[in-house]
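Here is a set of short questions and answers. Keep the picture in view as you read.

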Amino acid sequence: MTGGKVISSAVQSLTFTRRATVIGGLQVGIGLLLAGRMAYISVAENERYQLLSESNRVNLTLIPPRRGWLIDRNGKPIANNRSDFRVDIIPDRTPNKEQTVATLAKLLSLDAEEVERINKELKQTNSFQPVQVASGLDWEKYAAVSVRLPDLPGVSPRQGFSRFYPSGAAVGHLVGYVGIASAEDYKENPDPILITPGYKIGKDGLEKHFEDRLQGEPGAKRVEVTARGKIIRELDTQSDIPGKPLKLTLDADLQEYAARRLGPESGSVVVMDCHTGEILTMTSMPSFDPNSFSDGIGVTEYGMLRDDDHVPLRDKSLRGLYPPGSTVKPMVALALMRAGIDPEETVGCGGGMRVGNRRFNCWNRRGHGAVNMAKAVYQSCDTYFYKMALRIGFDPIAAAARELGMGAKFDLPVPSQSYGTVPDPQWIVKKHKREWADFDSVNSVIGQGYVLANPLQLAVMSARMASGKNVQPRLLYLDQNPKIELLNFASDHLEKCHQFMSDVVNGPGTARRARLPLDGIQMGGKTGTAQVVSLNVGRGGMDVPWKFRDHGLFIAFAPVEKPRYAMSVVIEHGAGSSSAYPVARDVMTFLFDRQKAMEQLESLEKSWGGNIAERTAKKMTAYRAQKELEKAIAEGRIQTGSGDDTNENVEPQVGQ
Amino acid sequence: MSDFVPAPIAQLPWKTILLLLIMASFGFVVLYSAAGGSLTPWAGLHMVRFLIFLAMAIVFSRLNENFWKTIAFPVYIVVVLMLLGVELIGAVGGGSQRWLNLGFIRIQPSELMKVAIILAVARFYDLLPPSQIRSWSAIWPLLVLLAFPCGLIILQPDLGTTITVAAGALTIAFLAGLPMRLFVGGAVALAVLTPIAFFFGLEEYQQRRVTTFLNPENDPLGAGYHITQSKIAIGSGGIFGKGFLNGTQSHLDYLPEGHTDFVFATMAEEWGLLGGVIVLFGFFLLFRWGLGVAMKAKTRFSQLVAVGLTTTIFFYVAINLMMVMGLAPVVGIPLPFLSHGGSSMMTIMICVGILMSIDRHPGRQSSAFG
């Protein structure tokens, strides 16, 4: 570089002054820019930033609404809400999940299985969905977690309400249960209440069906929080609006009684008011405890339910389909009378008859001799019905069956019904691409072959026969019962039918042990036995393995003179109707004399080893021990030889 | 006034001291609120430090120009050695480090360098004969003087301070009369080199700061969090602010570093645009005074030093406020007189002290009293 001109101090000083002015000017310019920028942010954008500042500061916490109660016809709660303390984890706010769970497990003394469930749920659920750690905590444990909150990010202890089902397993299938909303639910309806800890939605049964009504309106609490989520103070609270209660036609006491009375059996009891169609009881046992499901069910408990051959997860009253067997005979008798058959006409029974090239036996191989309609019903003579069915054809019988509710799907607030089959000539062409044959009539008329019904349909059939009214089963309690039309059956026919059914129990019938232990109240009924498999040797009695035994069925109504209640009882693999009618007898007794019925039940429960809860607990312990053992064997900790012995000891008790 | 007050006290630059006192007191008020209405941990210490450094500045004001001339190069060398020391201790101790612990005090040599470079560069152009100002020998010593500190500071790594140091030195070179085309050319070269430097010269965290600055909403919970929260604090303050002790962004910890780098946001939330304008006006008065001192100064050294120091303080203010308002990336530079922090306050008060010294001794060679 070469100096173009000679620069003196004076020139330099001038340059300095000029350039310093430039710098001063630049500084003023930047200062004005900053002032302008600040004015823009704080004045023009003030509203926006104020909003952002507020949303930083204020945390809106939703308060899950209390669900509406489910109450029975007498106002007794079937599902209510219990105030409790609970702790949840919100996964995406929990940086170190394992350590958090470990700390909580120590604070709340959770067992290994609970920890396993929590960890599993933490892996499965979406990060924003709360995972329940524990509910129903006492104040000490709740406080223990609350004070450690600063070290437990993402953990949410709350005081709230949880669903409680006082009758437990007795109402499991009917009522369903509640649970945390699933990811799909949230995707469908991204309402923040769905991912609020403690908020549950109906997952099955009535809880699911009446979700909208039971749900209620969430409340909200506005709190001031720091950036780290620490709550500084509460600003205001808007309380929740609880869901509306739902009054059911059920009688909670009866429901519980029926559930207990079924004992260790797998079966169903349905009781209806035969004039109004109100369902007083719809029990299916064994069942699950909806309280367990609502709190997040443990691995072992769920495993036990799933592995149980008595299928506690299936609602047998609505989804169990059974060949109704001889319980259809009163209905067939009505059909025959309507078709003009004289009830006094006798038919000879020699223990069976030949139809085509096949022999159809009567259940009594020695035969019933001369059989009229009454005897055919109370002695359940198959031959009489074979012959009559061949005489009048099956169409009138199928029509009567449908009129009485067989094969029907009822308008009920339930997730699903299996409605079975009433076969007839048109059906068989459509379904099996063949013509109706005589043996089809013969099979169907004794409730076998293609005939399938669920226990509710059997109860409806019984109720309609008892009242002669076209009653529709109903679960919702109405203050004013709807007007119900009469069925197209002559009243003298119905009276005869009632007499036949009374004779089954109170006369020379097949279920004399079902006679009610009450003065002046008699029950009419009809036994049924449904073959499960065709056995080469004998019938499916107590001498064959449980799952090959016949189903035991019974339909009933009482009192005989002035029918009020109708019932169906189905015992899966009960080895015949003798498993079913004692249940019907005791449940019916309960409707008229609670104390007497309870005495009977208590002595029975003693012989079964405790009530439902006690037996479930025992079963669970055994199941857990067995799982432990299997695990130990799998891991090679125990020799298989000795393991087998122990296995037998811990096998859950099945059957009687 | 002179009748009652002894001359040495009456001669103090009272107007300047009052201005500084007001600004530091405002800082005290803001820090008091930032701590949730408490003197500890920041406000009390802030004021104590200010008063100590103010005393130091007044002592500095008694020293004359020759003193600063004499120490210019030695101070520069000592600070370079301290920077080297920081690097060595950091290398031994592992990890980057900016502090030098002398046992009784922890100092940040890169802060001191902001002053030392001004003195050294000003001294160099003071010694350079005017005829050589447009020659090569006016440039290479500047580059050498810059190379050591900038190299050492960028190793720390501290981009913000590096830029401040370089900018201070270049400002003096500009004022000393280096050819204008060098600066224009330099600006063009910078425009070309910036993208290259961005992609190849910066650490990833530095790159992220820049990209985040350009679009903070992209990363609201990560690096953009600072800028976003700062803008929320300033914006929600409105014209008159939320009121003393009523800031939520700062009190509820949404605003990070609300007592140091983002103290302006803390202030703006509670005092609003009004407070911001007052602070800006205060700085305007300070810089006007600084540049006024430079204009009044008679010698080349004191002229260059005065503008250089004023500009250094200006850089603090400008970079900090641009960062806080989302106009510049987040670089850790505090706001003079308001931010809590010893090293930066010391640097600024040294600048002020030297400016006072020049104000008092505008360079009359004949001046007999000191």
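Two strands pair if DSSP finds at least two bridges between them. Helices (H or I, at least four residues) and strands (E, at least two) are DSSP runs, numbered from the N terminus. This is a predicted model: local features need pLDDT of at least 70, side-chain atom pairs count only at pLDDT 80 or more, and totals for chains, interfaces and linings use all residues. Residues are numbered from 1 along each chain as its sequence is written, while chains are lettered from A and ligands numbered from 1 in the order in which they are written.

Q: Which strands are the edge strands of the open sheet S1-S8-S9 of chain A?
A: This open sheet has three strands with antiparallel pairing, in the order S1-S8-S9. An edge strand here pairs on one side only. The edge strands are S1 (58-63) and S9 (231-238) of chain A.

Q: In S8(A), what is the bridge partner of A:Val58?
A: S1(A) and S8(A) (residues 219-225) run antiparallel. Six bridges join them. The partner of A:Val58 in S8(A) is A:Glu224.

Q: Is strand S11 of chain A largely enclosed or largely open, and how many of its residues are buried?
A: A residue is buried if 20 or more other C-beta atoms lie within 10 Å of its own, exposed if 12 or fewer, and partly exposed in between; C-beta atoms are placed from the backbone. On one side of S11(A), A:Gly267, A:Val269, A:Val271 and A:Asp273 are buried. On the other, A:Ser268, A:Val270 and A:Met272 are buried too. The strand is therefore largely enclosed by the rest of the structure, and its buried residues number seven of seven.

Q: Which residue of S19(A) stands opposite A:Val269?
A: S11(A) runs antiparallel to S19 (residues 565-571) of chain A, and seven bridges join the two. S11(A) also pairs with S12 (residues 279-285) of chain A, antiparallel over six bridges. In S19(A), the residue opposite A:Val269 is A:Val569.

Q: Which residue takes a positive phi in the hairpin of S11(A) and S12(A)?
A: Across this pair of strands, A:Val270 has A:Met282 as its bridge partner. The hairpin has five residues between the strands. One takes a phi near 85 degrees: A:Gly277.

Q: The peptide bond from A:Met285 leads to which proline, and is the bond cis or trans?
A: The proline is found in the loop between S12 and helix H11 (290-294) of chain A. Omega is near -10 degrees. The proline is A:Pro286, and the bond is cis.

Q: Is A:Ala575 buried or exposed?
A: A:Ala575 is found in the loop between S19 and helix H22 (581-592) of chain A. Its phi is near 65 degrees, a positive value in a residue other than glycine. A:Ala575 has 22 C-beta neighbours inside 10 Å, so it counts as buried.

Q: Is H14(A) parallel, perpendicular or oblique to H17(A)?
A: Axes are lines fitted to C-alpha atoms, for helices over the stretch in contact, and angles run from 0 to 180 degrees between N-to-C directions. The axes of H14 (residues 329-338) and H17 (residues 395-403) of chain A come within 9 Å and cross at roughly 125 degrees. Angles under 35 degrees count as roughly parallel, over 145 as roughly antiparallel, 65 to 115 as roughly perpendicular and the rest as oblique. H14(A) is therefore oblique to H17(A).

Q: Which helix gives the most residues to the side of chain B that touches chain A?
A: Two residues are in contact if their C-beta atoms, placed from the backbone, lie within 7 Å. The contact takes 44 residues from chain B and 38 residues from chain A. Among the elements that give two or more residues on the chain B side are H7 (159-176), H10 (224-237) and H12 (263-296). With eleven residues, the one that gives the most is H12(B).

Q: Which residues of chain B does A:Ile41 touch?
A: A:Ile41 lies in helix H1 (residues 9-44) of chain A. It counts as buried, with 27 C-beta neighbours inside 10 Å. Leaving out residues up to four places away in sequence, A:Ile41 touches A:Tyr49. From chain B it touches B:Lys231, B:Ile234, B:Gly235 and B:Met325.
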